[in-house]
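Grab a pencil and work through these exercises with the model open beside you. Try each task before you read its solution.

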Amino acid sequence: MTPTLQSRQGAGFTIIEMLIASFLSMVVLASAWSLFISYQQIWRETSVHVEANRIAALGLNRIVYGVGSAPCGLRGAGDAVLTSSGTNGWTLTYSDRSNNPAGTFRFRGDARTLTYTPPSGTEQVLAQPVSRSLATIQSNALTVSVEVDLTQGRFSSTRELSTTVRWRN
């Protein structure tokens, strides 16, 4: 019993069928790879935006609610004195409600840092890199704005946040 030509035709795939299947597989793989690369770039760009926003929000949060040995921050301040202001830097010294010195917040434009120094302690960095920050006092309120320019690779983001703190006394 020898196999006939007709029974051998159904036993496998032709070279044309294999080429078509290979071509379709390559199209699907190329599309999947292209989507993967696109999503990876979107993720990197979004990460830069989120990180810039996190740095700005963290700096403002620490000014308002405090850090380390000053758990009340400006929210619990009795008085504040803005000794210098401008785009290159400012210094804000504040006291608690009992009029005891509570610390100093400082923005240094040249170092791109926002710092806090307790009355008897060492300076702590609150946020970095901060490209610009402005502070103004009007009657019983302080307004602070923080701008963060962040670049990671070819992606960059600029985020500016501000807040106003009203004295409670």
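Let's fix one term before we start: a residue is buried if its relative accessible area is under 20%, exposed if over 50%, and partly exposed in between (1.4 Å probe, protein chains only). The model is a predicted one, where local features need pLDDT of at least 70 and side-chain atom pairs count only at pLDDT 80 or more, while totals for chains, interfaces and linings use all residues. Residues are numbered from 1 along each chain as its sequence is written, and side-chain values use heavy atoms, with hydrogens and water left out.

**Exercise 1: the overall layout**

Task: Find out how many helices and strands the protein has, and in what pattern they follow each other along the sequence.

Solution. Step one is to count the elements, which are DSSP runs numbered from the N terminus (helices are H or I with at least four residues, strands are E with at least two). You should get two helices and eight strands. Step two is to read along the sequence, which gives α-α-β-β-β-β-β-β-β-β. Step three is burial: of the 169 residues in the protein, 31% are buried.

**Exercise 2: aromatic rings**

Task: Work out which residues the ring pairs link into a cluster.

Solution. Start with the rule: rings of Phe, Tyr and Trp (its six-membered ring) pair if their centres lie within 6.5 Å, and planes under 30 degrees apart count as stacked, over 60 as edge-to-face and the rest as tilted. Searching the whole structure turns up three aromatic pairs. In one of them, the ring centres of Tyr-94 and Phe-105 are 5.4 Å apart and the planes are at 10°, so this pair is stacked. It ties together distant parts of the chain, with Tyr-94 in strand 2 (residues 89-96) and Phe-105 in strand 3 (residues 101-108), 11 residues apart. Both Tyr-94 and Phe-105 are buried.

Next, look at Phe-105 with Tyr-116: this aromatic pair is tilted, at 5.0 Å centre to centre and 40° between the planes. Here Phe-105 in strand 3 is linked to Tyr-116 in strand 4 (residues 113-117), 11 residues apart. Tyr-116 is buried, just like Phe-105. Put the steps together and the cluster is Tyr-94, Phe-105 and Tyr-116.

**Exercise 3: the nonpolar core**

Task: Find which residues have the most contacts inside the largest nonpolar core.

Solution. A nonpolar core is a set of buried Ala, Val, Leu, Ile, Met, Phe, Trp, Tyr and Cys residues joined through side-chain atoms within 4.5 Å. The largest one has 31 residues, and Leu-74, Trp-90 and Phe-105 have the most contacts inside it. Among the elements giving two or more residues to this core are strand 1 (77-84) and strand 8 (155-166). Helix 2 gives the most, with seven residues.

Now zoom in on Leu-74, remembering that contact means heavy atoms within 4.5 Å. Not counting residues up to four places away in sequence, Leu-74 touches several residues, including Tyr-94, Phe-105 and Trp-167.

**Exercise 4: a glycine in a strand**

Task: Decide whether Gly-103 is buried or exposed, and find what it touches.

Solution. First, place Gly-103: it lies in strand 3. Its relative accessibility is 5%, so Gly-103 counts as buried. The C-alpha atoms of Gly-103 and Pro-118 are separated by 4.2 Å, although the two are 15 residues apart along the chain. Leaving out residues up to four places away in sequence, Gly-103 touches Tyr-94, Tyr-116 and Pro-118, among others.

**Exercise 5: backbone oddities in loops**

Task: Look at Asn-99, Ser-139 and Pro-129, and say where each one lies.

Solution. Take Asn-99 to begin with: its phi is near 70°, a positive value in a residue other than glycine. Asn-99 lies in the loop between strand 2 and strand 3, and at 58% relative accessibility it counts as exposed. Ser-139 also has a positive phi, near 45°, and is a residue other than glycine. You'll find Ser-139 in the loop between strand 6 and strand 7 (141-152), exposed with a relative accessible area of 72%. Finally, the peptide bond from Gln-128 to Pro-129 is cis, with omega near 0°. Pro-129 lies in the loop between strand 5 (124-127) and strand 6 (132-138).
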